[in-house]
Amino acid sequence: MTTHESRIARAAQLALVHTSAAPLLNFYAELARFQKPIFSGLQSKRETDLRALVCYFPALIQLVARTGTDLLANFAVENLASADGQLELLSAAWEGGDALDPAGRFYARVLLQPYAEYLASRGDIQAAGAGATCPFCNARPVAGVLRGEGDGGKRWLLCSLCSTEWQYRRVLCPGCGEENKDKLPIYTAAELPAARVDACDTCHTYLKSIDLTKDGHAIPVVDEIATVALNIWAEDHDYAKLETNLLGM
Ligand SMILES: [Zn+2]
Ligand SMILES: [Zn+2]
């Protein structure tokens, strides 16, 4: 797992290069800075109780009021005024949370990511032979990661919640299991050489992969945000993202 420190540094570096994505990267860096002490706090107390996260809500709500969108800030005013409401949101998101309002899911994921990362760091993960969802927490992947290993390289999927990576076949759609190469087009953009869109013409989903053989300094969770131009392109071509990133994109 990459450290919060390295994610924050990578976001600052990419914001200088990908200026159109800079506001997103700066907001992400704020969130990663917020998550860092949560992770280390849980780690030092060996805390595994979800309720330990509730105390972080007031500071998160303030951070979002200062640097987030009106939509997110208004959600907190309307839904996150009480500790009971906050815990209810966390529990619902931890149980799956597909039905949650995107704004609610955002708040929950900011807090659940360091929690899930801490739990995953203690667990013995049997990542070999895993399926399309995370072998540790069952969340969907937020990105693919390509590494050069022998002939043609290999693909890992990166969990959107606990940051576990597990190996996954290159020519296989994590959305529907399609394995016909002709139905799984790959799209790239010359200006974003280390990222690509892995699409599926059967279920019309896509996932971006970050190619570490093209940029060894890439931090997939951050580079995935920096390459938002590819999301716009994919969505214009009627592919739906398999899983959104922390920013809901
Ligand atoms: Zn996971
Ligand atoms: Zn598919």
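**Two zinc sites, some salt bridges and a helix face**

Okay, let's start with one residue: Arg196 has a relative accessible area of 13%, so we call it buried, since the cut-off for buried is under 20%. Before I go on, please keep in mind that this is a predicted model.

So who does Arg196 pair with? The partner is Asp198, and the closest N and O atoms of that salt bridge are 2.7 Å apart. Asp198 counts as buried too, because its relative accessibility is 10%. In general, side chains of opposite charge can pair when their charged atoms come close.

How many salt bridges does the structure hold? The count is 17, and I'll pick out a few.

Take Glu117 and Arg7. Their side chains meet in a salt bridge, at 2.9 Å from N to O. This pair ties together distant parts of the chain: Glu117 sits in helix α6 and Arg7 in helix α1, which covers residues 4-17, and they are 110 residues apart. Are these two buried or exposed? Glu117 is buried, at 2% relative accessible area, and Arg7 is buried as well, at 3%.

Helix α6 comes up again with Arg109. Its side chain meets that of Glu243 in a salt bridge, 3.9 Å from N to O. Here, too, distant parts of the chain are linked: Arg109 belongs to helix α6, while Glu243 lies in the segment after β7 (240-241), 134 residues away. Both Arg109 and Glu243 are buried. And the pair has company: Arg105, Arg109, Arg140 and Glu243 are linked in a network of salt bridges.

Now, on to the metals. I'll begin with the zinc ion that is ligand 1. Which residues hold it? The protein donors are the SG atoms of Cys134, Cys137, Cys159 and Cys162, which lie 2.3 Å from the zinc. Along the sequence, those donors follow the spacing C-x2-C-x21-C-x2-C. Cys134 and Cys162 also bring distant parts of the chain together: Cys134 is in the loop between α6 (102-122) and β1 (141-147), Cys162 is in the loop between β2 (154-159) and β3 (165-168), and 28 residues separate them.

Why do we call this site tetrahedral? The 4 donor atoms around ligand 1 subtend angles of 98 to 117°, and the rule for four donors is that all angles lie between 85 and 135 degrees. For reference, the ideal angle for four tetrahedral donors is 109.5 degrees. As for accessibility, Cys134 counts as buried at 3%, and Cys162 is buried at 2%.

Next, the zinc ion that is ligand 2. Cys173, Cys176, Cys200 and Cys203 coordinate this ion through their SG atoms, at 2.3 Å. The site of ligand 2 is tetrahedral, with angles of 105 to 115° among its 4 donor atoms. Its donor residues are spaced C-x2-C-x23-C-x2-C in sequence. Two of the donors to compare by accessibility: Cys173 is buried at 5% relative accessible area, whereas Cys176 is partly exposed at 39%.

A quick word on backbone angles. Most residues other than glycine have a negative phi. Which way does the phi of Asn138 go, positive or negative? It is positive, about 70°, and Asn138 is not a glycine. Asn138 is placed in the loop between α6 and β1, and at 54% relative accessibility it counts as exposed. His204, also not a glycine, has a positive phi of about 60°. You'll find His204 in the loop between β5 (195-199) and β6 (205-211), partly exposed at 38% relative accessibility.

Last stop: helix α4, residues 70-79. Its buried residues include Leu72, Phe75 and Ala76. Looking down the axis of α4, the buried residues fall within an arc of 95°, so they line one face of the helix. What do those buried residues pack against? Their neighbours are α2 (22-45), α3 (57-67) and α6. Turn to the other side of α4, and Asp70, Leu71, Val77 and Glu78 are exposed.

To pull one thread together: helix α6 holds Glu117, the partner of Arg7, it holds Arg109, the partner of Glu243, and it is among the elements that the buried residues of α4 pack against. That's my tour, thanks.

Key. Residues are numbered from 1 along each chain as its sequence is written. Chains are lettered from A and ligands numbered from 1 in the order in which they are written. This is a predicted model: local features need pLDDT of at least 70, side-chain atom pairs count only at pLDDT 80 or more; totals for chains, interfaces and linings use all residues. Side-chain values use heavy atoms; hydrogens and water are left out. Donors are N, O and S atoms within 2.8 Å of the metal (3.2 Å for Na, K and Ca); water is not among the atoms, so sites may look incomplete. Four donors count as tetrahedral if all angles lie between 85 and 135 degrees; four count as square planar and six as octahedral if opposite donors are over 155 degrees apart and all others between 65 and 115; anything else is irregular. Buried means under 20% relative accessible area, exposed over 50%, partly exposed in between (1.4 Å probe, protein chains only). Helices (H or I, at least four residues) and strands (E, at least two) are DSSP runs, numbered from the N terminus. A salt bridge is a side-chain nitrogen of Lys or Arg within 4 Å of a carboxyl oxygen of Asp or Glu. The arc is that of the directions from the helix axis to the C-beta atoms. Contact means heavy atoms within 4.5 Å.
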